[in-house]
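Student: Please take me on a close look at the core of this protein. I'd like to see what lines up around it too, and I'm happy with a long answer.

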Amino acid sequence: MIDAKTRLYGVIGNPVRHSLSPVIHNGAFRRMGLNAAYLAFEVLNLAEAMSGIRGLGIRGVSVTIPFKTVIIPFLDGLEDVAGRIQAVNTISNEGGKLIGYNTDWRGALEALEEKTNLEGKKVLLLGAGGAARAIAFGLKERSCQVFIFNRSEEKGQRLAGEMGFTHLPFSSLNGLDVDVVINATSGGMHPKDSETPLPKEFFKKEATVMDIVYKPLRTKFLREAEERGCRTIDGLEMLARQGAAQIEIWTGKKPDTGEIKEDLKKALR
Ligand code: NAP
């Protein structure tokens, strides 16, 4: 029940009305017996929103498009990894100080490592946006040999350069022998369900293939990887885990990710 002691959390973004974060957090809070509530805030003015978070004592905030990078100057501190990635998807209000964290990389790594050992593996990472940047950091932590392909070559080259990885032009992808392929682009995301960022002939049978797009859940990219005999991981695996890691930062307790995934599947139906 919401009462005078209820702690408030939320997500800031724009647009945000499609966000599944309230499903993740309110379901987990309820099961964990926490007196907490989580709302979605469509933010027009970031500076005003940050004053609101401080002024009202909001305990924790998820950060989504387009604020993951531009939010950094508004914070009082950055946890080490978020600083190195230069992207924040989580704010924790720690005694009035707003501290930025990144749980995207952890969510992606945990999802992958449930299916395969990443240490030293060869990985093709598609994309060079905020999510790709977080995942690239995680892959570096596991000493992976990473090839990046991004539609806008210059952006891809920049990320590859920062991480010590290799950016490949599309023409070099054919015949590339990798253990893991990750789609961290928006290619194939609803309403462009019929698109895929990588033609199916690029998938090798033994590969592990993860798509971080979760709408639709079975993207063309994942369906084609499955047809080619690959092991696949859908976007809910990362989504549930990055959300669970946020709750752990805010409350010190980790929720059950299996139950979060069930809530998400119901919400997506
Ligand atoms: P972002 O920073 O805007 O980056 C978008 C990336 O996708 C860029 O690399 C962009 O390439 C590429 N791209 C966009 N449309 C494309 C297309 N039609 N074909 C090929 N590449 C395309 O976004 P983001 O935050 O990284 O998010 C990317 C996707 O991941 C979104 O679908 C988002 O919903 C999803 N996501 C999922 C999770 C999860 O937990 N499952 C977490 C975060 C994000 P250019 O540089 O060429 O524009």
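Tutor: We'll start with the ground rules, go into the core, and then work outwards.

This is a predicted model, where local features need pLDDT of at least 70 and side-chain atom pairs count only at pLDDT 80 or more, while totals for chains, interfaces and linings use all residues. Residues are numbered from 1 along each chain as its sequence is written, and side-chain values use heavy atoms, with hydrogens and water left out.

First, the general background: in soluble globular proteins, nonpolar side chains tend to be buried together. A nonpolar core here is a set of buried Ala, Val, Leu, Ile, Met, Phe, Trp, Tyr and Cys residues joined through side-chain atoms within 4.5 Å. Buried means under 20% relative accessible area, exposed means over 50%, and partly exposed is in between (1.4 Å probe, protein chains only).

The largest nonpolar core holds 33 residues, and L125, I135, L139, V146, I182, M210 and I212 make the most contacts inside it. Two or more core residues come from each of α3 (80-85), α4 (104-113), β7 (122-126), α5 (130-141), β8 (145-149), α6 (153-163) and β10 (180-183). Those labels are DSSP runs numbered from the N terminus: helices are H or I runs of at least four residues, strands are E runs of at least two. The biggest giver is α5, with seven residues.

Now for where this core sits. The protein chain divides into domain 1 (7-102 + 237-268) and domain 2 (105-233), with bounds from an automatic or database domain assignment. Both domains give residues to the core, so it lies between them.

Zoom in on M210. Contact means heavy atoms within 4.5 Å. Leaving out residues up to four places away in sequence, M210 touches A108, A111, L112, V181, I182, N183, F221, L222 and I233.

Some of the core's strands also belong to a sheet. Six strands form an open, parallel sheet in the order β9-β8-β7-β10-β11-β12, where pairing requires at least two DSSP bridges between two strands. The edges are β9 (166-167) and β12 (231-233), each paired on one side only. Further in, β7 and β10 run parallel over four bridges, and L124 has V181 in β10 as its bridge partner.

How do the two domains meet overall? Their centres, taken over C-alpha atoms, are 25 Å apart, and the contact takes 15 residues from domain 1 and 17 residues from domain 2. About 1600 Å² is buried between them, with carbon and sulfur atoms giving 68%; that area is what two parts lose in accessible area (1.4 Å probe) on being put together, summed over both. On the domain 1 side, I85, M238 and R241 supply 39% of the area buried against domain 2, more than any other three residues.

Domain 1 has strands worth a look of their own. As general background, side chains in a regular strand alternate between the two faces of the sheet. In β3, both faces are covered: G60 and S62 on one side and V61 and V63 on the other are all buried. Four bridges join β3 in parallel to β1 (residues 7-13), where G10 stands opposite V61. On to β5: β3 (residues 60-63) pairs with β5 in the antiparallel sense over three bridges, with G60 partnered by S92 and S62 opposite T90.

Strand β5 (residues 90-94) has four of its five residues buried, so it is largely enclosed by the rest of the structure. β5 also pairs with β6 (residues 97-101), antiparallel over five bridges, and T90 is bridged to Y101 there. The two form a hairpin with two residues between them, and G95 in the turn has a positive phi of about 60°.

Finally, the cysteines. Taking a disulfide as a pair of cysteine sulfur atoms within 2.5 Å, the count is zero. The sulfur of C144 is 17 Å from the closest cysteine sulfur, in C230, so it is too far for a bond. C144 is buried at a relative accessible area of 8%, and C230 is buried at 8% too.
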